[in-house]
Structures are given as C-alpha cells and as structure tokens.
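Got your viewer open? Let's take a short walk through this structure, one selection at a time.

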Amino acid sequence: MKTTASTLTKFTLGILIAGSIAACNQNKTADKPATTAPAEVKESIVYVNSDSLLNKYDYFKDMSKRLEDKGKSSQGDLQAKGQAFQREVAEYQKNAATLPADQRQATEQRLQRKQQELQGYQQNANAEFQNAQATENAKLYDKIADFTKTYAKEKGYKLVLTYSKANPTVLYGDPSLDVTADVVKRLNEAYAKDKK
C-alpha cells in the first residue's frame, strides 16, 4: 500500500510540475508581441468593374469608333460590289433570250467567276476585320493589364480582380474594394498624354 501511495504522490507531483512549466511557457509567449497580426490592416485585394471601365475609358471609345468606321467602310465597299454584280446579272437576264448560245455560256461562266470572286472578297473582308478587332482587343488588354500591374504595386495590392455582368466571376465585392473610378481616371490621363 505504501508503494501505491508513493507512486501516486510521484505521479501527482509530476503532473503539477508539468502544469507549472506549461503555465510559465504560456506567460513567456504572451509577453512577446504578436508577429502574425499587422500593425495596420490594409486591403490587399480589390476589383475593377470592367463594364464601367470600358464605358468610361477614352481609349476603348476611340478604338470602338475606329473599328466601327472600318466595318462600315468594308460593308459599304462590299455592298457596292454586290449591287454592281446584281445589275450585271439583271442585264444578262434581260438580254439572255437574244444572245447566241456560245455568248450566253461565256457570259454565265464570267458571272459565275465574278460571284465566286465576290464571295471570296467578302470572306477576306470579314477575316481582315476580325483580325483587326483581335489586334485592337489585344492592345486594349495589354494597356489595361500593364497599367493595373503598376497601379497594384503602387497601392500595395496583392490581387486585382475584374468584375463584369457578362462574365460574373466575382458575385459580390464590398464597394470599398472597388477601385474602378480611380483606375479609369488614371488610364484616361495616361491616354490623353499618349495622344499628344
């Protein structure tokens, strides 16, 4: 029995010592300043509303106007060529009955070649417009991405998201994190300098 009491006393004494050591260590860590909590809390993630950005960015407005003008010019040219072809076809149909067979066949072959050329011209014009549009969009993206990278470094942001109703990858963002107005203002200022 004496051995059991002696073992129990040693065990209790061991627990008390371990508890005292643990309590001392807690006090030492509590005295140290917390290294994980920053002294100043600053937002490191912000977002830009790309719909608003595009509606208010002067470069995008100018780019859209250039593409629209190019599209109208191409469409007008194509329409003029199409109307000229239609007049030729109508003229042929009006006179076809009075033409000899060999002349009719030659005219039909010529009109068929012209129609194929017109279709090829239309395809080339569409491809050229799509290439111009892709080039302009790439330039726009590069301008915004380069600016945003510099802007984020300057402001200390770690991540700049984009928000758009057409592509809602961000479903909600606190309005205090929306830097669209400042980004648009500064992009327009930079673009105004570039235009000079």
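First, a term for the tour: a salt bridge here is a side-chain nitrogen of Lys or Arg within 4 Å of a carboxyl oxygen of Asp or Glu. What you have on screen is a predicted model, and it holds 13 salt bridges. Let's visit some of them.

Start by selecting Glu136 and Arg66. They form a salt bridge, with the closest N and O atoms 3.0 Å apart. The two sit 70 residues apart, Glu136 in helix α4 (residues 101-155) and Arg66 in helix α3 (residues 58-95). Is Glu136 buried or exposed? Glu136 counts as buried, at 13% relative accessibility, because the cut-off for buried is under 20%. Arg66 is partly exposed, at 38%.

Next, pick Lys70 and Glu128, whose side chains meet in a salt bridge at 3.6 Å, N to O. Lys70 belongs to helix α3 and Glu128 to helix α4, so this pair ties together parts 58 residues apart in sequence. Lys70 is partly exposed, with 34% relative accessibility.

Now move to Lys155 and Asp182, another salt bridge, 3.8 Å from N to O. Here helix α4, home of Lys155, is tied to helix α5 (residues 180-195), home of Asp182, across 27 residues of sequence. Both ends are partly exposed: Lys155 at 28% and Asp182 at 24%.

For a small group, select Glu88, Arg110 and Lys114: salt bridges with shared partners join them into one network.

Last stop: Asn55, in helix α2 (residues 50-56). Asn55 is exposed, with a relative accessible area of 57%. Add Val184 to the selection: its C-alpha atom is 9.6 Å from that of Asn55, though 129 residues separate the two along the chain.

How values were computed:
Residues are numbered from 1 along each chain as its sequence is written. This is a predicted model: local features need pLDDT of at least 70, side-chain atom pairs count only at pLDDT 80 or more; totals for chains, interfaces and linings use all residues. Side-chain values use heavy atoms; hydrogens and water are left out. Helices (H or I, at least four residues) and strands (E, at least two) are DSSP runs, numbered from the N terminus. Buried means under 20% relative accessible area, exposed over 50%, partly exposed in between (1.4 Å probe, protein chains only).
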